[in-house]
Structures are given as structure tokens and as C-alpha cells.
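Reader: I would like to go through this model by question and answer. Where should we begin?

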Amino acid sequence: MLLKSINSFAITIMCGFALLILFFSGFLEFPSASSSIPSPKDSLILYSSSTPDPFKGLLTAFRKWDSQVGCVQFREKHKGLLRNGSSSSLQDVDGGVKCSELKMNHVGVLVKGWTWIPDNLDNLYSCRCGLSCLWTKSSVLVDKPDALLFETTTPPFQRHNGDPLRVYMDLEAGRKRSGVEEIFVSYHANDDVQSTYAGALFHNNRNYRLSSTKNNDTLVYWSSSRCLPQRNKLAKSLLSLLPHHSFGKCLNNVGGLDMALSLYPECAKDANEAPKWWDHLHCAMSHYKFVLAIENTVTESYVTEKLFYALDSGAVPIYFGAPNVWDFVPPHSIIDGTQFRSMEELATYVKALANDPKAYAEYHAWRRCGVLGNYGKTRAASIDTLPCRLCEAVSRRGGRNARAL
């Protein structure tokens with residue numbers, strides 16, 4: 001009996017060593033517990049056909065996906081995210097506001113100095129709890145503002161009783177406060193008021209003619225004119241493996257700036273005006289199956305227009321940036337480049353996806369099936385809704401009646 005027990009123990013030990021050897025040699029791979037996001041390769045393996053199908057028509061790909069997969073199956077797969085998911089990366093701007101906390105029925109916000117805030121945000125808004133909000137860059141329309149908003153200039157160093165509240169906004173990665181503001185606006189949920197980059201008002205007055213035909217010979221669109229060394233290095237390492245068009249000043253391979261209009265003249269906004277690069281951005285992107293989107297810096301929650309422009313154009317973004325990007329985008333809508341072990345593996349995946357209409361169409365299913373996940377909250381917390389949300393914050397503090405510290 002003792003010999004039998006020793007033999008059993010020895011066999012168990014040997015099996016354990018064998019499993020360890022297999023694991024460390026790469027034959028066995030345990031799933032990571034750090035992320036609930038399925039590998040993008042899973043869907044490709046699921047839908048990939050034995051014969052590559054280098055499709056051009058996006059609507060044809062949609063029809064194939066509809067007939068073989070469909071929204072019912074996609075909704076079931078993401079049933080926990082049909083409308084809004086939950087994430088600490090986003091403020092709950094849709095949650096019930098306590099009307100009793102508001103101390104004012106009307107708030108006037110005067111935007112001071114030069115700012116990225118678009119002029120067409122100026123308006124008189126009807127907000128929750130009967131609050132009206134006048135947001136303007138004109139001191140004629142609001143001669144006694146309840147709050148002054150600064151972005152590129154510093155607020156007054158001192159505030160006296162009866163003066164407007166000082167609001168400072170910084171949407172750049174560093175989130176640098178002025179040090180004297182009462183209310184701070186940034187892209188991050190931990191600050192007083194959050195403003196994501198997902199709003200539509202950042203890109204008005206553009207040509208939104210989107211192509212339903214995708215390039216097969218040139219798969220990836222990239223455009224950058226701020227040639228940061230690290231971003232250029234990353235872009236070059238991937239783009240060298242994929243057929244691409246690189247617009248802008250960095251790694252340009254199309255023969256100069258504004259060449260998008262030579263390739264796609266239908267993207268011109270107005271033939272009588274000199275073209276601006278942003279006029280035809282979405283239209284040009286829409287001709288490609290993929291858009292490479294690389295942030296200036298890898299920072300939590302710093303998800304900028306680079307990604308959202310690609311989503312709005314009907315392309316699939318290949319993204320490098322915020323580690324919590326999935327808290328801001330629809331399910332199965334982007335290719336997270338950091339989830340691949342090498343650029344070669346990522347490029348192989350992109351090429352295979354470009355030849356699989358069913359797998360490619362699944363990246364658009366969120367939009368067609370209404371499965372938004374956290375993206376609904378991302379849009380709700382964008383600059384489009386900033387006026388009412390900021391006016392609510394000013395009203396809670398009492399505006400000009402707030403006591404100076």
C-alpha cells in the first residue's frame with residue numbers, strides 16, 4: 001500500500017512538471033484575467049472561410065453578415081451592453097439630477113479668449129429641472145455672467161464676492177489646472193465636469209459623403225502632421241507591413257498634402273474655396289477599410305477625435321492609445337493594436353479581416369443593431385452636452401452669489 005501511494009504521488013508530480021513545461025514553452029496558454037474583452041482573433045476564426053473574399057462593397061458585406069449571423073445573435077452575444085454599460089471612466093450624466101440642489105433657474109456662461117470650443121455651441125439651452133442656460137462668446141448677450149470659461153488663457157487670480165465663478169477647461173492629456181478655478185473641465189471622469197471628444201460639434205461644416213465602396217489594394221488610411229518620434233516609429237512599423245495611404249506631413253506616401261482630393265474629387269466641400277484638410281477628412285477615410293489612430297500619448301481615458309473620426313467615417317479603427325479605451329467605444333467596433341504580440345501578427349489579422357466580408361461586417365454591427373454599450377454614455381458626456389452640464393454645476397454653487405474664498 002505504501003509503495004502504491006508513493007507511485008501515485010510520483011506520477012502526480014511528473015504530470016505537474018509536464019504541464020509547467022508545456023505552459024512555459026508556449027504550447028499551453030491560460031486566458032488573462034485582466035480583461036473581459038474577447039480576442040479579436042476569436043471572431044475571425046469563427047467566420048473565416050477557406051477561400052479569401054477580397055470584397056469591395058460594404059453593403060454586400062452587410063448582407064452576407066445579415067444572412068449568416070444577424071442582429072439577434074449579435075445582441076445575444078452582447079446582451080449586457082445593449083444600451084449603456086457601466087464604467088468608472090465616465091460620469092453618469094444621464095442619472096437623475098437633484099433639482100433641489102440647484103440654486104438658480106438661469107445661468108449665463110461667457111466664454112473668454114481664444115478656445116477650441118466651436119462657435120456654433122453658442123445658444124440658449126433648456127436644461128433639466130427647468131434650468132435655462134445661456135452659453136455665448138459675446139459679452140453683449142451676457143453682460144453679467146454667472147461664470148467665465150477659460151481654456152487657453154488663465155482666469156483672474158482673485159475672485160471677490162459677487163464676481164462670476166471661474167471655470168477652466170483643459171482637454172489635453174496633461175489635465176493641467178489653472179490653480180485658481182472653482183470648476184475644472186477635462187476629459188477625465190475624476191474632474192468636476194467631464195467632456196469627451198465624441199461630440200459632433202467638433203466637426204461641423206464638412207463633407208460627410210461616405211463611400212460604400214472600399215479600397216482593396218490600399219487597406220489603411222493614416223494622416224498626421226505632428227510628427228512625434230514615438231508615434232512615427234509605431235506607425236512606420238505597422239504601415240510597412242500593410243498597403244496604405246499616408247496623408248499629412250508625417251510619412252507621406254501620396255505625393256504631397258491635400259492629395260485626398262486628387263484621389264477622391266467627390267470629397268471636395270466647395271470647389272470655389274481653398275480646401276482645408278478637415279473639410280474632406282471623413283469622406284476620404286470612408287474609402288478605406290481601416291484607419292490607423294494613434295494618440296499623442298498613452299494616458300488613461302485620453303481618447304480623442306482620432307478614434308471617433310474613424311468610427312464616424314464607417315471605417316474600422318486600428319487603435320493605439322488609452323489603456324481603458326473599451327470603456328468609451330461600442331462593443332466589437334475597433335481593433336486594439338495593443339492586444340497583439342507583434343506588429344506582424346496585427347498585420348496578418350488586418351489582411352485576413354480585409355478578405356472576410358462577414359468578419360469585417362461584424363465590426364459595424366454595433367451601429368446597425370443598436371448595441372452601443374458605453375458609447376452611449378461617451379456621447380452623452382461629450383462637448384455637445386457640456387453647456388447644460390456646466391450650467392448645472394454653476395447653479396449648484398450659486399453662480400455670482402457663491403462666497404469667495
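Author: Begin with a term: a residue counts as buried under 20% relative accessible area, as exposed over 50%, and as partly exposed in between. The model is predicted.

Reader: Is S382 buried or exposed?
Author: S382 sits in the loop between α12 and α13 (386-397). Its relative accessibility is 0%, and the cut-off for burial is under 20%. S382 is therefore buried.

Reader: Which residues are in contact with S382, leaving aside its neighbours within four places in sequence?
Author: One approach comes from far along the chain: S382 and Y197 are 185 residues apart in sequence, with their C-alpha atoms separated by 5.9 Å. With neighbours within four places left aside, the residues in contact with S382 are S195, T196, A198, G199 and R389.

Reader: How far apart in space are the C-alpha atoms of H160 and A404?
Author: H160 belongs to the loop between β4 and β5. Its relative accessible area is 48%, so H160 is partly exposed. Along the sequence H160 and A404 are 244 residues apart, while C-alpha to C-alpha the separation is 5.4 Å.

Reader: What separates the C-alpha atoms of G162 and N401?
Author: G162 is placed in the loop between β4 (147-150) and β5. With 32% relative accessibility, G162 counts as partly exposed. G162 and N401 are 239 residues apart along the chain, and their C-alpha atoms are separated by 5.7 Å.

Reader: Is R166 buried or exposed?
Author: R166 is part of strand β5. Not counting residues up to four places away in sequence, R166 touches residues including L148, P155, F157, V180 and I183. The relative accessible area of R166 is 9%, and therefore R166 is buried.

Reader: What is the C-alpha to C-alpha distance between R166 and S178?
Author: Among the residues that R166 touches are E181 and E182. S178 is 12 residues from R166 in sequence. In space, C-alpha to C-alpha, R166 and S178 are 10.0 Å apart.

Reader: What share of contacts in the protein between residues at least 6 apart in sequence join residues at least 24 apart?
Author: The protein has 13 helices and 12 strands. Of its 405 residues, 49% are buried. Among contacts between residues at least 6 apart in sequence, those joining residues at least 24 apart make up 69%.

Reader: How much of the area that the protein exposes do carbon and sulfur atoms supply?
Author: The exposed area of the protein is about 20400 Å². The share supplied by carbon and sulfur atoms is 56%.

Reader: What do the buried residues of α8 pack against?
Author: Helix α8 (residues 305-312) has as its buried residues L307, F308, Y309, A310 and L311. Just after α8, G314 takes a positive phi of about 85 degrees. The buried residues of α8 pack against α7 (281-285), β10 (290-294), β11 (316-320), α11 (365-369) and α12 (375-380).

Reader: Where is C129, which has a positive phi although it is not a glycine?
Author: Phi of C129 is about 60 degrees. C129 has a relative accessible area of 31%, so it is partly exposed. Its place is the loop between β2 (123-126) and β3 (132-136).

Reader: What is the phi of R175?
Author: R175 is found in the loop between β5 (165-169) and β6 (183-186). With 26% relative accessibility, R175 counts as partly exposed. Its phi is positive, in a residue other than glycine, and is near 50 degrees.

Reader: Why is α5 oblique to α9?
Author: The axes of helix α5 (residues 229-239) and helix α9 (residues 343-354) come within 9 Å. They cross at roughly 55 degrees. That makes α5 oblique to α9, because an angle that is not under 35, over 145 or from 65 to 115 degrees counts as oblique.

Reader: How many nonpolar, polar and charged residues does the contact of α5 with α9 have?
Author: α5 passes α9 in a right-handed crossing. In the contact, L234, S237 and L238 of α5 meet M343, L346 and A347 of α9. By class this gives 5 nonpolar, 1 polar and no charged residues.

How values were computed: Residues are numbered from 1 along each chain as its sequence is written. This is a predicted model: local features need pLDDT of at least 70, side-chain atom pairs count only at pLDDT 80 or more; totals for chains, interfaces and linings use all residues. Side-chain values use heavy atoms; hydrogens and water are left out. Axes are lines fitted to C-alpha atoms, for helices over the stretch in contact, and angles run from 0 to 180 degrees between N-to-C directions. Helices (H or I, at least four residues) and strands (E, at least two) are DSSP runs, numbered from the N terminus. A crossing is left-handed if the near helix is turned anticlockwise from the far one by less than a right angle, and right-handed if clockwise. Contact means heavy atoms within 4.5 Å. Ala, Val, Leu, Ile, Met, Phe, Trp, Tyr, Cys and Pro count as nonpolar, Asp, Glu, Lys and Arg as charged, and the others, Gly among them, as polar. Buried means under 20% relative accessible area, exposed over 50%, partly exposed in between (1.4 Å probe, protein chains only). Accessible areas come from the Shrake-Rupley method with a 1.4 Å probe; for residues, only the protein chains shown count as cover.
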